[in-house]
Amino acid sequence: MFKVESETRRAVPLDAKHIFDVYETSWMNAYAGILPHKALTRIIGRRDARWWAGAINKTAVILVMEFGDQVVGYATIGPNRVSSFTAEGEIYEFYIRPEYQGLGLGTKLFNSAQDELRRRGYKGSVVWVLSDNIKGMRFYQNAGGYAVATGTETFDDVTLEKTAFHWA
(Lines give C-alpha, C1' and ligand atoms only; values in the text may rest on other atoms or scores of the structure.)
Protein backbone atom coordinates (compact mmCIF):
# COMPACT_ATOMS: atom_id res chain seq x y z
CA MET A 1 0.00 0.00 0.00
CA PHE A 2 1.33 3.43 -0.99
CA LYS A 3 0.95 6.14 1.66
CA VAL A 4 1.40 9.85 0.93
CA GLU A 5 2.59 11.87 3.91
CA SER A 6 1.45 15.33 4.87
CA GLU A 7 3.51 17.86 6.79
CA THR A 8 2.96 21.32 8.21
CA ARG A 9 5.97 23.62 8.40
CA ARG A 10 6.98 27.27 8.37
CA ALA A 11 6.95 28.80 4.87
CA VAL A 12 10.25 29.62 3.16
CA PRO A 13 10.76 32.03 0.21
CA LEU A 14 10.69 29.17 -2.31
CA ASP A 15 7.07 28.52 -1.25
CA ALA A 16 5.83 31.93 -2.46
CA LYS A 17 4.57 30.78 -5.87
CA HIS A 18 2.89 27.73 -4.36
CA ILE A 19 1.19 29.81 -1.67
CA PHE A 20 -0.05 32.19 -4.36
CA ASP A 21 -1.48 29.23 -6.30
CA VAL A 22 -3.33 28.02 -3.18
CA TYR A 23 -4.47 31.58 -2.43
CA GLU A 24 -5.80 32.23 -5.94
CA THR A 25 -7.55 28.87 -6.33
CA SER A 26 -9.01 28.89 -2.81
CA TRP A 27 -10.28 32.44 -2.98
CA MET A 28 -11.94 31.89 -6.35
CA ASN A 29 -13.56 28.72 -5.03
CA ALA A 30 -14.64 30.16 -1.67
CA TYR A 31 -15.75 33.64 -2.69
CA ALA A 32 -17.02 33.48 -6.29
CA GLY A 33 -20.70 34.35 -6.02
CA ILE A 34 -20.20 35.95 -2.60
CA LEU A 35 -17.83 38.82 -3.38
CA PRO A 36 -18.39 41.05 -6.39
CA HIS A 37 -16.29 39.62 -9.24
CA LYS A 38 -14.27 42.82 -9.79
CA ALA A 39 -13.44 43.08 -6.10
CA LEU A 40 -12.44 39.41 -5.94
CA THR A 41 -10.10 39.60 -8.92
CA ARG A 42 -8.62 42.87 -7.65
CA ILE A 43 -7.95 41.39 -4.19
CA ILE A 44 -6.33 38.29 -5.68
CA GLY A 45 -4.27 40.43 -8.08
CA ARG A 46 -2.73 42.39 -5.21
CA ARG A 47 -0.99 39.33 -3.79
CA ASP A 48 1.11 37.72 -6.48
CA ALA A 49 4.05 35.42 -5.77
CA ARG A 50 6.35 38.40 -5.23
CA TRP A 51 4.00 39.75 -2.55
CA TRP A 52 4.02 36.37 -0.79
CA ALA A 53 7.82 36.18 -0.96
CA GLY A 54 7.98 39.58 0.72
CA ALA A 55 5.57 38.47 3.44
CA ILE A 56 7.63 35.36 4.11
CA ASN A 57 10.85 37.40 4.29
CA LYS A 58 9.32 39.83 6.78
CA THR A 59 8.02 38.87 10.18
CA ALA A 60 4.77 37.26 8.99
CA VAL A 61 4.23 33.79 10.36
CA ILE A 62 3.01 31.63 7.48
CA LEU A 63 2.58 27.90 7.81
CA VAL A 64 2.21 25.64 4.78
CA MET A 65 0.62 22.22 4.47
CA GLU A 66 2.45 19.85 2.16
CA PHE A 67 0.82 16.72 0.81
CA GLY A 68 3.47 14.59 -0.81
CA ASP A 69 5.74 17.21 -2.34
CA GLN A 70 3.03 19.76 -3.11
CA VAL A 71 1.96 22.79 -1.02
CA VAL A 72 -1.81 22.39 -0.72
CA GLY A 73 -2.66 24.88 2.02
CA TYR A 74 -1.44 27.71 4.17
CA ALA A 75 -2.29 29.64 7.33
CA THR A 76 -1.12 33.05 8.50
CA ILE A 77 -1.11 33.70 12.24
CA GLY A 78 -0.20 36.33 14.81
CA PRO A 79 -1.58 38.52 17.57
CA ASN A 80 -5.32 39.17 17.75
CA ARG A 81 -6.25 42.51 16.19
CA VAL A 82 -9.44 43.15 18.24
CA SER A 83 -8.65 44.44 21.72
CA SER A 84 -12.10 43.65 23.13
CA PHE A 85 -11.60 39.90 22.60
CA THR A 86 -10.02 37.80 25.33
CA ALA A 87 -8.22 35.68 22.74
CA GLU A 88 -4.61 36.78 22.30
CA GLY A 89 -3.89 34.98 19.02
CA GLU A 90 -5.51 35.09 15.61
CA ILE A 91 -5.49 32.99 12.48
CA TYR A 92 -5.70 35.68 9.81
CA GLU A 93 -5.94 33.40 6.80
CA PHE A 94 -6.52 29.69 6.45
CA TYR A 95 -6.95 27.99 3.07
CA ILE A 96 -6.68 24.51 1.57
CA ARG A 97 -6.88 23.92 -2.18
CA PRO A 98 -10.46 22.79 -2.97
CA GLU A 99 -9.40 19.41 -4.35
CA TYR A 100 -7.69 18.58 -1.03
CA GLN A 101 -10.60 19.57 1.21
CA GLY A 102 -12.40 16.83 3.10
CA LEU A 103 -9.27 14.69 3.55
CA GLY A 104 -8.38 15.87 7.05
CA LEU A 105 -5.56 18.12 5.84
CA GLY A 106 -7.42 21.26 6.85
CA THR A 107 -7.90 19.95 10.37
CA LYS A 108 -4.21 19.07 10.58
CA LEU A 109 -3.15 22.53 9.35
CA PHE A 110 -5.65 24.25 11.65
CA ASN A 111 -4.39 22.30 14.66
CA SER A 112 -0.80 23.14 13.71
CA ALA A 113 -1.72 26.84 13.52
CA GLN A 114 -3.36 26.65 16.96
CA ASP A 115 -0.31 24.82 18.34
CA GLU A 116 2.03 27.46 16.91
CA LEU A 117 -0.01 30.26 18.49
CA ARG A 118 0.20 28.50 21.87
CA ARG A 119 3.94 27.87 21.40
CA ARG A 120 4.35 31.61 20.88
CA GLY A 121 2.58 32.27 24.18
CA TYR A 122 -0.84 33.37 22.90
CA LYS A 123 -3.75 32.31 25.09
CA GLY A 124 -6.84 31.60 23.03
CA SER A 125 -7.40 32.36 19.37
CA VAL A 126 -9.93 33.87 17.03
CA VAL A 127 -10.74 33.50 13.34
CA TRP A 128 -12.96 35.77 11.23
CA VAL A 129 -14.99 34.23 8.39
CA LEU A 130 -17.52 35.72 5.99
CA SER A 131 -20.90 34.49 7.21
CA ASP A 132 -21.95 33.59 3.65
CA ASN A 133 -18.96 31.22 3.40
CA ILE A 134 -20.96 28.19 4.51
CA LYS A 135 -18.04 25.73 4.21
CA GLY A 136 -15.82 28.00 6.30
CA MET A 137 -18.51 28.54 8.93
CA ARG A 138 -19.12 24.79 9.19
CA PHE A 139 -15.39 24.03 9.41
CA TYR A 140 -14.83 26.39 12.35
CA GLN A 141 -17.95 25.17 14.15
CA ASN A 142 -16.81 21.54 13.70
CA ALA A 143 -13.35 22.53 14.95
CA GLY A 144 -14.90 23.53 18.27
CA GLY A 145 -15.01 27.29 17.79
CA TYR A 146 -17.92 29.31 19.03
CA ALA A 147 -19.21 32.53 17.52
CA VAL A 148 -18.41 35.53 19.71
CA ALA A 149 -19.03 38.52 17.45
CA THR A 150 -20.19 39.69 14.08
CA GLY A 151 -19.03 42.58 11.98
CA THR A 152 -19.20 43.76 8.41
CA GLU A 153 -16.78 44.20 5.57
CA THR A 154 -17.45 46.12 2.37
CA PHE A 155 -16.23 45.00 -1.03
CA ASP A 156 -16.92 47.65 -3.65
CA ASP A 157 -20.55 48.55 -2.86
CA VAL A 158 -21.47 45.23 -1.24
CA THR A 159 -21.39 44.97 2.56
CA LEU A 160 -21.12 41.45 3.92
CA GLU A 161 -21.41 40.09 7.44
CA LYS A 162 -18.48 38.29 9.03
CA THR A 163 -18.41 36.13 12.15
CA ALA A 164 -15.62 35.74 14.69
CA PHE A 165 -15.04 32.26 16.12
CA HIS A 166 -13.16 31.84 19.40
CA TRP A 167 -11.12 29.03 20.95
CA ALA A 168 -10.10 29.25 24.62
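How many bridges link strand 5 and strand 7, and in which sense do the two pair? Strand 5 (residues 125-130) runs antiparallel to strand 7 (residues 158-167), and six bridges join them. Within this pair, L130 sits opposite K162 of strand 7.

A quick note on the model: it is predicted, so local features need pLDDT of at least 70 and side-chain atom pairs pLDDT 80 or more, while totals for chains, interfaces and linings use all residues. Residues count from 1 along each chain as its sequence is written, and side-chain values use heavy atoms, without hydrogens and water.

Helices (H or I, at least four residues) and strands (E, at least two) are DSSP runs, numbered from the N terminus, and two strands pair if DSSP finds at least two bridges between them.

Now zoom out: seven strands make an open, mixed sheet ordered 1-2-3-4-5-7-6. Strand 1 (6-10) and strand 6 (146-155) are at the edges with a single partner strand each, so one side of each has no neighbour in the sheet.

Two helices pack on this sheet (contact means heavy atoms within 4.5 Å; angles, from 0 to 180 degrees, are between N-to-C directions of axes fitted to C-alpha atoms, for helices over the stretch in contact):

| Helix | Angle |
|---|---|
| Helix 3 (residues 49-57) | about 115° with strand 2 |
| Helix 4 (residues 105-119) | about 160° with strand 4 |

Look closer at helix 3: its buried residues (under 20% relative accessible area, 1.4 Å probe, protein chains only; exposed is over 50%, partly exposed in between) are W52, A53, A55 and I56. They span an arc of only 160° around the axis, so they lie on the same side of helix 3; the arc is that of the directions from the helix axis to the C-beta atoms. R50 and N57 are exposed on the other side.
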